[in-house]
Amino acid sequence: MFRIDSNLSGVIRQTERLITRLPVVLQQELQPDKWRDEARQLALNTLNAIAQTNEAAYVGQFVATMQASVLAGGGLSLALKSPFGPGATLAAAQAAKAALDPAAGAGSLFLNPVQEFEALILDWVSTPEGQGGKRRDARDAGKTDQDIADLIAYIMLTPFAALGWKGQQARLKLTPHIEAFVKGQTAQGLPEATVDLWLRAVLAAWRNLIRFKYPERVRAALLAQKGDL
Amino acid sequence: MALTKPAVTELRIESSSFDLWHEWLATYFNGAAHGIGANAPVLFPRAVLRYQQHELPKPLEGLVNEGRSPDGVAISLAWVRPSVIRYYWDTVGGQRQQRAFGRCSWMFWIRAELTDKGQGNAKKRAQDTGDLLFALLQNSATTRDLAAKGIHRLRPETPQLVSAGSGSKPGDPDYAMRLLNCTGSLHYAVRSQV
């Protein structure tokens with residue numbers, strides 16, 4: 001007499017548990033705390049590897065700007081910016097503003113460039129004119145620096161076509177002054193091309209880090225839970 | 001050509017592997033012609049070689065005895081270290097020996113910088129150097145010496161452009177940079193387990 005047994009139902013139950021568990025593990029392994037130190041070390045190694053003799057002194061300042069945080073909706077954000085001035089240029093802030101979903105709140109990837117640009121505008125308004133700050137006129141009378149900065153940020157970051165004629169004229173007049181202020185802020189330190197190269201290099205290194213290690217960590221986490229599956 | 005540096009050791013995983021990379025890269029990127037596989041020998045640039053914590057000279061291009069490259073080329077290596085180490089037992093020289101291996105990823109930053117605008121194109125120099133390195137890394141014959149010392153299973157990706165470097169703008173340092181990613185694994189003996 002033959003008897004045929006099957007463990008198919010057990011395999012299906014295990015697979016169902018795995019399907020339930022996998023998204024949880026995928027999210028857990030993206031916790032910033034699990035990546036921060038390694039991402040910082042890799043940024044340091046990468047910049048040290050590509051820096052030239054006269055640039056090496058700036059590596060530490062760059063790495064000190066590194067931030068690891070959670071993205072809205074789940075995900076990991078690793079960010080590095082230039083230590084010499086505002087990370088958000090006008091074009092970057094405008095692009096970020098256009099992509100910003102107000103519902104995403106503090107976790108949005110696009111919030112940071114916008115906030116940095118708003119801080120830059122406030123800085124420009126607060127700086128004396130003789131040091132590159134905004135020239136005050138009658139329209140500014142009775143307003144706080146924050147009021148003036150809020151209005152200018154609105155003019156600069158609202159899509160051009162959505163501004164009225166007066167707003168568009170104001171944007172055209174303000175742009176060269178703000179760009180000159182940004183340039184003055186970034187004049188110290190490294191050439192713009194080098195800053196750009198360093199940021200791109202660290203981005204490429206981080207991409208490599210995540211691509212290489214994330215599947216490995218997910219696999220290890222699932223293996224550690226094998227008994228529960 | 002056999003490498004003279006010691007094999008990867010459990011006591012100095014990072015530095016021993018980088019020593020091997022240095023010797024291997026210096027064998028090829030020395031300004032002489034080398035054959036890769038059955039191809040006719042091709043001229044390799046002489047490159048400045050650097051590893052993670054060592055900055056590059058500026059200008060990059062210059063005399064060899066000043067630590068610079070006459071071809072204005074540098075290859076800098078950084079790595080994503082292995083996080084999971086696996087162990088197995090093997091018979092080595094008639095003795096049972098525990099061995100370990102871990103997957104890792106190396107990043108080769110290829111930089112070309114030309115100070116004299118009339119002599120060439122940094123972008124092309126970086127591209128050619130990256131292509132040669134890729135050809136070396138994907139060839140099991142040229143990487144056999146590395147494997148013999150514990151650097152195995154090299155899987156390079158084609159070099160990607162990080163910066164073209166036009167040299168035409170003020171402040172542009174006239175360099176081009178490419179990144180070549182290469183995964184592989186390190187194998188070494190765990191001698192304490194003998």
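In which strand of chain B does R153(B) lie? In this predicted model, R153(B) belongs to strand β7 of chain B, which covers residues 151-156. The backbone of R153(B) has a phi near 50 degrees, a positive value in a residue other than glycine. With a relative accessible area of 61%, R153(B) is exposed, since the threshold for that class is over 50%.

The strand that holds R153(B) is part of a chain with three helices and nine strands. Along the sequence, the elements of chain B follow the order α-β-β-β-β-β-β-α-α-β-β-β. Chain B has 194 residues, of which 49% are buried. Among the contacts in chain B with a separation of 6 or more, 63% join residues 24 or more positions apart.

Aromatic side chains were examined next. Over all chains, the search of the whole structure returns 10 aromatic pairs. In one of these, the ring centres of W21(B) and W106(B) are 5.2 Å apart and the ring planes stand at 70 degrees, so the arrangement is edge-to-face; the angle required for this class is over 60 degrees. W21(B) is located in helix α1 (residues 13-28) and W106(B) in strand β6 (residues 95-113) of chain B, so the pair ties together parts 85 residues apart in sequence. W21(B) is buried, at a relative accessible area of 0%, and W106(B) is likewise buried, at 0%.

The rings of F29(B) and F44(B) also form an edge-to-face pair, because their centres are 5.2 Å apart and their planes are at 70 degrees. This pair links distant parts of the chain: F29(B) is in the loop between α1 and β1 (33-34) of chain B, whereas F44(B) is in the loop between β2 (42-43) and β3 (47-51), 15 residues apart. Both F29(B) and F44(B) are buried. A single aromatic cluster is formed by W21(B), W24(B), Y28(B), F29(B), F44(B), W106(B) and F108(B). The cluster thus includes W21(B) and W106(B) as well as F29(B) and F44(B).

The loop between β2 and β3 of chain B also contains R46(B). R46(B) is partly exposed, at 34% relative accessibility, a value that lies between the limits of 20% and 50%. Not counting residues up to four places away in sequence, R46(B) touches F29(B), N30(B), G31(B), V64(B), S69(B), P70(B), D71(B) and V73(B). One of these contacts, F29(B), is a member of the aromatic cluster. The C-alpha atom of R46(B) is separated by 20 Å from that of A2(B), a residue 44 positions away along the chain.

The contact between the two chains was then considered. Chain B contributes 36 residues and chain A contributes 29 residues. The size of an interface is often given as the accessible area lost when the parts come together. Between chain B and chain A, the buried area is about 2,700 Å², and carbon and sulfur atoms give 53% of it. One salt bridge is counted between the chains. E157(B) forms a salt bridge with R211(A), with the closest N and O atoms 2.8 Å apart. Across the interface, 10 residue pairs are found in polar contact, with both residues at pLDDT 80 or more. On the side of chain B that touches chain A, at least two residues each are supplied by β4 (73-80), β6, β8 (160-163) and β9 (175-189). The largest share of that side, seven residues, comes from β6(B). Strand β6 of chain B is also the element that carries W106(B).

Two local features of chain A complete the description. R217(A) lies over the face of W35(A), at 3.9 Å from the ring centre. T65(A) is placed in the loop between α3 (59-64) and β1 (67-70) of chain A. At 16% relative accessibility, T65(A) counts as buried, because the limit for that class is under 20%. Beyond its neighbours within four places in sequence, T65(A) is in contact with A79(A), L80(A), K81(A) and P83(A). For K81(A), the side chain of T65(A) reaches the backbone oxygen at 3.0 Å.

Key:
Residues numbered from 1 in each chain as written. Chains lettered and ligands numbered in written order. Heavy atoms only, no water. Phe/Tyr/Trp six-rings, centres within 6.5 Å; stacked < 30°, edge-to-face > 60°. Helix = DSSP H or I, 4+ residues; strand = E, 2+ residues; numbered from the N terminus. Buried < 20%, exposed > 50% of the residue type's maximum accessible area, 1.4 Å probe, protein only. Lys NZ or Arg CZ within 6 Å of the ring centre and 35° of its normal. Contact = heavy atoms within 4.5 Å. Buried area = accessible area lost by both parts, 1.4 Å probe. Salt bridge = Lys/Arg side-chain N within 4 Å of Asp/Glu carboxyl O. Polar contact = N/O pair within 3.5 Å; in protein donor to acceptor, adjacent residues only side chain to side chain.
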